[in-house]
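Mentor: Put the sequence and the model on the screen, and we will work through them by question and answer.

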Amino acid sequence: MLIRKISRSKWNDFTTHESGLTDVGGDAVTGCLKTNKNTLSVWKIHDNTDVEINEAILALITGAQQMKLSKIDFVLIDETELSQYGFSLSHSPGDTAVADLVDRHLDITDITYSKLGIIKNIIYNNIQPENLRSERDLREILKNALNHRRINIEKLTTKYIEKELKIFEPYVDRTEIQKIESSFKAKK
């Protein structure tokens, strides 16, 4: 089972044709299916339990580009379904500050224009309203990982730590907190 972050609101603009094919708005494709070097990033989960899903969510919220916590919508993708359409998966190190999750990252490779359409259909058909984590849920996931010393805080952006200071404060060196607070006050 694989997990991919999406913005569910972008998938609300759709049309189902007589042929049975579903057309979604361009924002769903350009916003949620952005490729890099013809690959699409996903995270491996062993099953679709909350524990496993939260591991993937933890990886997502501890990436180097993370700037703030906000709710996450996601979709679960069955690897078998991808292989039925001829998609390949490749391991690549994940962008996360959680060392034991780095190897759970995969790329769907060799994405072409037509394959992107197939992935669009797979994602559209697998969107479930319960597949989201609120900002509150994300804070709990983050606190739990911090309590278990799983996050390498040095890999996170200062801006992220600044925005979520209440969560990170017990785990960051006091001098670092003072620097962050000073930079925050200077911006006001």
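Trainee: With which residue does the side chain of Glu140 meet in a salt bridge?

Mentor: The model is predicted: local features need pLDDT of at least 70, side-chain atom pairs count only at pLDDT 80 or more, and totals for chains, interfaces and linings use all residues. Residues are numbered from 1 along each chain as its sequence is written, and side-chain values use heavy atoms, with hydrogens and water left out. A salt bridge is a side-chain nitrogen of Lys or Arg within 4 Å of a carboxyl oxygen of Asp or Glu. At 3.9 Å from N to O, the side chain that meets Glu140 is that of Lys143.

Trainee: How many residues apart in helix α5 are Glu140 and Lys143?

Mentor: Helices (H or I, at least four residues) and strands (E, at least two) are DSSP runs, numbered from the N terminus. About one helical turn separates Glu140 from Lys143, because their spacing in helix α5 is three residues.

Trainee: Are Glu140 and Lys143 buried, partly exposed or exposed?

Mentor: Buried means under 20% relative accessible area and exposed over 50%, with partly exposed in between (1.4 Å probe, protein chains only). Glu140 has 45% and Lys143 has 34%. Both values fall in the middle class, so Glu140 and Lys143 are partly exposed.

Trainee: Which residues do salt bridges that share partners join into one network?

Mentor: That network does not include the pair just discussed. Its members are Arg8, Lys71 and Asp73.

Trainee: How far apart in sequence are the parts that Arg8 and Asp73 tie together?

Mentor: The closest N and O atoms of the Arg8–Asp73 salt bridge are 3.4 Å apart. Arg8 is in the loop between β1 (2-6) and β2 (14-16), whereas Asp73 is in strand β5, so the parts are separated in sequence by 65 residues.

Trainee: Are Arg8 and Asp73 buried or exposed?

Mentor: Arg8 has 19% relative accessibility, and Asp73 has 5%. Arg8 and Asp73 therefore both count as buried.

Trainee: Which residue forms a salt bridge with Glu135?

Mentor: Glu135 and its partner both lie in helix α5 (residues 135-147), four residues apart. The N to O distance is 2.8 Å, and the partner is Arg139.

Trainee: What is the relative accessible area of Leu69?

Mentor: Leu69 sits in the loop between α2 (50-61) and β5 (72-77). Beyond its neighbours within four places in sequence, its contacts (heavy atoms within 4.5 Å) include Glu135, Arg139 and Tyr160. Leu69 is buried because its relative accessible area is 2%.

Trainee: Which residue pairs its ring with that of Tyr160?

Mentor: Rings of Phe, Tyr and Trp (its six-membered ring) pair if their centres lie within 6.5 Å; planes under 30 degrees apart are stacked, over 60 edge-to-face and the rest tilted. The whole structure holds one aromatic pair. Its ring centres are 5.6 Å apart and its planes stand at 70°, so the pair is edge-to-face. Tyr160 has its ring paired with that of Phe168.

Trainee: Which element gives the most residues to the largest nonpolar core?

Mentor: A nonpolar core is a set of buried Ala, Val, Leu, Ile, Met, Phe, Trp, Tyr and Cys residues joined through side-chain atoms within 4.5 Å. The largest has 30 residues, and Ile151 and Phe168 are among those with the most contacts inside it. α2, β5, α5, α6 (158-163) and α7 (165-168) each supply at least two of its residues. With six residues, the element that gives the most is α2.

Trainee: How many residues does the other core have?

Mentor: This core lies apart from the largest one, and its members include Ala28, Leu33, Val75 and Ile119. Its residue count is 21.

Trainee: How many residues of strand β7 are buried?

Mentor: One side of β7 carries His105, Asp107 and Thr109, and the other carries Leu106 and Ile108; all are buried. The strand (residues 105-109) is largely enclosed by the rest of the structure, because the buried residues number five of the five.

Trainee: Which residue of β7 is the bridge partner of Ser41?

Mentor: Strands pair if DSSP finds at least two bridges between them. β7 pairs in the antiparallel sense over four bridges with β4 (residues 40-44), and likewise over four with β6 (residues 88-91). Ser90 stands opposite Asp107. The bridge partner of Ser41 in β7 is also Asp107.
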